[in-house]
Amino acid sequence: MKMDAVERTTGAKYECLLFDMDDTLYPLSTGVNLACRKNIEEFMLQYLNIKESEVPRMCLELYREYGTTMAGLKALGYEFDNDEFHAYAHGRLPYETLTPDPVLRNLLLSMPQRKIIFTNADKAHARQVLKRLGLEDCFEGIICFETLNPPLEPADYMDALDDNQVLAGGDKEPNTADRTDASSVSSKSPILCKPSLESFEAAIQIANVDPKKTIFFDDSARNIASGKAAGLHTVIVGSSVLVPGADYALRSIHNIKEAIPEIWNDEEQMKQVIQYAAVETVVIA
């Protein structure tokens, strides 16, 4: 399903801001990333029977080669339920280290452009993180694992999205009659995720944006390179040094106004500004 683009004037330099979530909207120092990796390693050990001595190296190498360890495990032929993996990886994270960020919230709400999350994480984790940060109503939508990896054959992907929109607080009931066959297909299908160029092309189509008028924020140099290859303007977050493909570098997401003031310069040129107050974020899945 495509998100609805709000009518804009053609004079605006930027019409959409596409944000990664983990380690982008909050710092790596929270410990969430490290805890998630430990959970994944434990899953590999306990449920996939991978040798304990091999797990840390394998976890890191698969992440580097495939974008996520999960994608790498699937590519190697390991079979497991996607939801069970995500529940194990994210079920015991120290979410309490994520606290409301009123500074970032005010920055986001002051930006006149559309704002969308683009994450490799599953929808449950995305919702939890945004809620903890107090940002759940700051984004138009979330493009997540379920968005790019629906439980259907790849050939049915785009048509099926129209029937699988999930609204925060009002999930659509799944078709249980089709679930068994769909799950067996998806368990053997390659996982689509950043940093693959295909994932960016899919996200651009789903978000219904013009990449030439979209800024992409991410903490991963690989994702930044792919975002640039997809035609997006790019911002590396968590570094004051530019990486290949990055147009801007932000030590912290809080520095965005100083680094890219033209985001706010577009305000007078926008024909219509989306009002986010009290509006729940839509998860496209």
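In helix α10, the buried residues (under 20% relative accessible area, with a 1.4 Å probe and protein chains only) include Ser199, Phe200, Ala202, Ala203, Ile204, Ile206 and Ala207. Helices here are DSSP runs of H or I with at least four residues, strands are runs of E with at least two, and both are numbered from the N terminus. The model is a predicted one, in which local features need pLDDT of at least 70 and side-chain atom pairs count only at pLDDT 80 or more, while totals for chains, interfaces and linings use all residues. Residue numbers start from 1 along each chain as its sequence is written, and side-chain values use heavy atoms, with hydrogens and water left out.

The surroundings of α10 offer several further details. Ahead of this helix, Pro195 sits in the loop between α9 (176-186) and α10. The peptide bond that joins Lys194 and Pro195 is cis, with omega at about 15 degrees. On the other side, α10 is followed by Asn208, which has a positive phi near 60 degrees.

The loop between α10 (197-207) and β5 (214-218) holds Asp210. Asp210 has a relative accessible area of 34% and is therefore partly exposed, the class between buried and exposed (over 50%). From Asp210 to Gly231 the C-alpha to C-alpha distance is 8.9 Å, and 21 residues separate the two in sequence. Lys212 is also placed in the loop between α10 and β5. With a relative accessible area of 65%, Lys212 is exposed. Contact is taken as heavy atoms within 4.5 Å. Apart from its neighbours within four places in sequence, Lys212 is in contact with Lys13, Gly231 and His233. Lys13 lies 199 residues from Lys212 along the chain, yet their C-alpha atoms are separated by 8.6 Å.

Turning to helix packing, two packed helices are described by the angle between their axes and the distance between the axes. The axes are lines fitted to C-alpha atoms, for helices over the stretch in contact, and the angles run from 0 to 180 degrees between N-to-C directions. Helix α1 (residues 32-47) packs with helix α4 (residues 82-90) at an angle of about 130 degrees, and their axes are 8 Å apart. The two helices are therefore oblique to each other, a class for the angles left over once those under 35 degrees are taken as roughly parallel, those over 145 as roughly antiparallel and those from 65 to 115 as roughly perpendicular. The crossing of α1 and α4 is right-handed, a term for a near helix turned clockwise from the far one by less than a right angle, with anticlockwise being left-handed. On the α1 side, the meeting residues are Cys36, Asn39, Ile40, Glu42, Phe43, Gln46 and Tyr47, and on the α4 side they are Glu84, Phe85, Tyr88, Ala89 and His90. These residues divide into 7 nonpolar, 3 polar and 2 charged. For this division, Ala, Val, Leu, Ile, Met, Phe, Trp, Tyr, Cys and Pro count as nonpolar, Asp, Glu, Lys and Arg as charged, and the others, Gly among them, as polar.

Helix α1 also packs with helix α2 (residues 55-66), their axes coming within 10 Å and crossing at roughly 115 degrees. This crossing of α1 and α2 is right-handed. Arg37, Ile40, Glu41, Met44 and Leu45 of α1 make the contact with Val55, Pro56, Met58 and Cys59 of α2. Here the division is 7 nonpolar, no polar and 2 charged. Ile40 of α1 thus appears in the contact with α4 and in the contact with α2.

Two loops that border α1 each hold a non-glycine residue with positive phi. Asp23, with phi of about 65 degrees, lies in the loop between β1 (16-19) and α1 and is buried at a relative accessible area of 11%. Asn49, with phi near 55 degrees, lies in the loop between α1 and α2 and counts as exposed at 66% relative accessibility.

Asp101 is found in the loop between α4 and α5 (102-110) and counts as buried, at 13% relative accessibility. Beyond its neighbours within four places in sequence, Asp101 is in contact with Leu133, Leu135 and His254. Asp101 and His254 are 153 residues apart along the chain, and their C-alpha atoms are separated by 9.9 Å.

For the protein as a whole, the secondary structure comes to 13 helices and 8 strands. Buried residues make up 51% of the 285 residues. Of the contacts with a separation of 6 or more, 71% are between residues 24 or more positions apart.
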